Amino acid sequence: MRIADARVIVTCPGRNFVTLKLVTDDGVTGVGDATLNGRELAVAAYLRDHVVPVLLGREAHRIEDTWQYLFQGAYWRRGPVTMTAIAAVDTALWDIKGKVAGLPVYQLLGGRSREGVTVYGHANGETVDDVLAEVGRFTELGYRAVRLQCGVPGLSSTYGVSGDRMFYEPADAAVPTENQWSTAAYLDFVPTLFRRAREEFGPGLALLHDVHHRLTPIEAARLGRALEPHGLFWLEDPVPADLQEGFRLIRGHTTTPIAVGEVINTIWDCAGLIREQLIDFIRCSVVHAGGITHLRRIFDLAALHHVRSGSHGATDLSPVCLAAALHLDISIPNFGLQEYMRHTAETDAVFPHGYHFADGYLHPGEEPGLGVDIDEDAAARHPYRPASLPVNRLADGTMHPW
Ligand code: CS2
Ligand code: MG
């Protein structure tokens with residue numbers, strides 16, 4: 001069974017997505033997400049110019065060999081563009097293998113290790129009262145875990161807070177929007193948010209927070225310590241993970257669990273964090289970390305070191321990525337939590353899928369393969385629109401991580 005066709009589909013049903021669709025000479029199709037927020041066309045070009053020509057005619061069952069061919073064969077290893085392109089091929093090949101076997105992909109990965117995939121929702125708001133009202137809505141929907149992001153008094157914009165609560169989308173303009181940041185105002189405010197949340201919702205609900213790479217290690221240590229009384233499930237991306245020694249300092253000062261990984265692309269970029277047990281949750285995704293094959297390798301390494309999974313699942317990861325994540329999540333021994341931000345109805349219409357939410361869990365469904373597809377006619381009705389992620393500046397104009 002050989003790969004006979006490979007199509008790179010760029011569509012914008014509310015936001016941009018890049019999808020690779022492979023077709024075998026027997027007519028079996030497989031899909032892989034190739035979306036890299038704000039850099040979509042770089043991955044589309046990488047796929048079209050450098051990957052599709054070497055895929056045509058290859059044996060579709062050889063997933064590992066194809067992964068190694070694309071990774072080693074590039075010579076220029078790693079990086080988000082390369083790893084997203086490889087991920088798309090890998091995911092599509094798993095989809096094909098599942099369809100040929102007549103089994104959902106999770107069965108090929110060893111079968112179920114749990115009954116459902118626990119997910120967390122996003123409670124965002126301008127004020128503490130707004131955020132707590134959102135948390136209440138999520139608990140009514142059955143969620144067991146919620147991430148809280150709130151406007152910081154004195155700041156005009158804060159990560160995670162936008163006009164549309166249900167369908168948060170940070171890539172909001174062709175030329176990056178400029179946001180404003182003050183670490184002092186933020187550190188002063190965040191413990192109040194979580195104190196109020198615990199007072200209102202009690203100890204049972206898992207509460208999470210994303211710092212979005214904005215602190216230094218000592219500032220993160222202070223925040224982790226201040227949040228300890230409120231028992232967070234995790235504190236995400238407290239600092240950029242470029243200087244990984246910094247996590248030793250955070251670790252030395254706080255027992256608040258740390259989650260990292262959404263901008264990490266390979267096992268070599270997180271092996272140190274995992275081996276030294278400097279983090280508690282690894283948040284890499286299928287689409288940005290080389291597909292199901294490579295993400296499973298990362299999760300296996302993590303399992304040896306008491307690190308659990310916490311896959312990134314923002315709206316810029318397409319339903320194809322979410323479906324693939326669920327097959328991994330349900331099968332691995334060290335599952336932690338899955339991020340779930342609902343896609344818009346327009347996006348769901350372009351990507352018909354079998355996964356579904358019930359009682360705080362997502363379920364991958366029982367369709368052979370990944371259980372997700374792209375409706376190419378619907379996709380064609382939504383042409384690409386340039387959109388960039390924002391940037392951040394301090395009050396004096398200094399650039400700061402967004
Ligand atoms: C975020 C993302 O979901 C998260 O945890 O950090 O929303 C992130 O900002 C986007 O995926 C960037 O594309
Ligand atoms: Mg994040």
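**Close-up 1. Glu236, a buried residue at the magnesium ion.** In this predicted model, Glu236 has a relative accessible area of 0%, so it counts as buried, the cut-off being under 20%. Asp210 gets the buried label too, because its relative accessible area is 2%. Both residues are protein donors of the magnesium ion (ligand 2), along with Glu262. Asp210 gives an OD atom, the two glutamates give OE atoms, and the donors sit 1.9 to 2.2 Å from the ion. Along the sequence, the donor residues follow the spacing D-x25-E-x25-E. Asp210 belongs to strand β7 (residues 206-210) and Glu236 to strand β8 (residues 234-236), so this pair, 26 residues apart, ties together distant parts of the chain.

**Close-up 2. A three-stranded open sheet.** Here the strand order is β6-β15-β16, with mixed pairing. β6 (178-181) and β16 (399-400) are the edge strands, each pairing on one side only. β6 runs parallel to β15 (residues 391-394), and four bridges join them. Look for Glu178, which stands opposite Val391 in β15.

**Close-up 3. Where domain 1 meets domain 2.** The domain assignment puts residues 3-104 in domain 1 and 108-367 in domain 2. Their C-alpha centres are 26 Å apart, and the contact draws on 33 residues from domain 1 and 34 residues from domain 2. Between them the domains bury about 2600 Å², with 62% of that on carbon and sulfur atoms. Asp33, Trp94 and Pro104 chip in 24% of what domain 1 buries against domain 2, more than any other three residues.

**Close-up 4. Salt bridges.** Domain 1 and domain 2 share three salt bridges. Arg15 forms a salt bridge with Glu169, and the closest N and O atoms are 2.6 Å apart.

Conventions: Residues are numbered from 1 along each chain as its sequence is written. Chains are lettered from A and ligands numbered from 1 in the order in which they are written. This is a predicted model: local features need pLDDT of at least 70, side-chain atom pairs count only at pLDDT 80 or more; totals for chains, interfaces and linings use all residues. Side-chain values use heavy atoms; hydrogens and water are left out. Donors are N, O and S atoms within 2.8 Å of the metal (3.2 Å for Na, K and Ca); water is not among the atoms, so sites may look incomplete. Helices (H or I, at least four residues) and strands (E, at least two) are DSSP runs, numbered from the N terminus. Buried means under 20% relative accessible area, exposed over 50%, partly exposed in between (1.4 Å probe, protein chains only). Two strands pair if DSSP finds at least two bridges between them. Domain bounds come from an automatic or database domain assignment. Contact means heavy atoms within 4.5 Å. Buried area is the accessible area (1.4 Å probe) that two parts lose on being put together, summed over both. A salt bridge is a side-chain nitrogen of Lys or Arg within 4 Å of a carboxyl oxygen of Asp or Glu.
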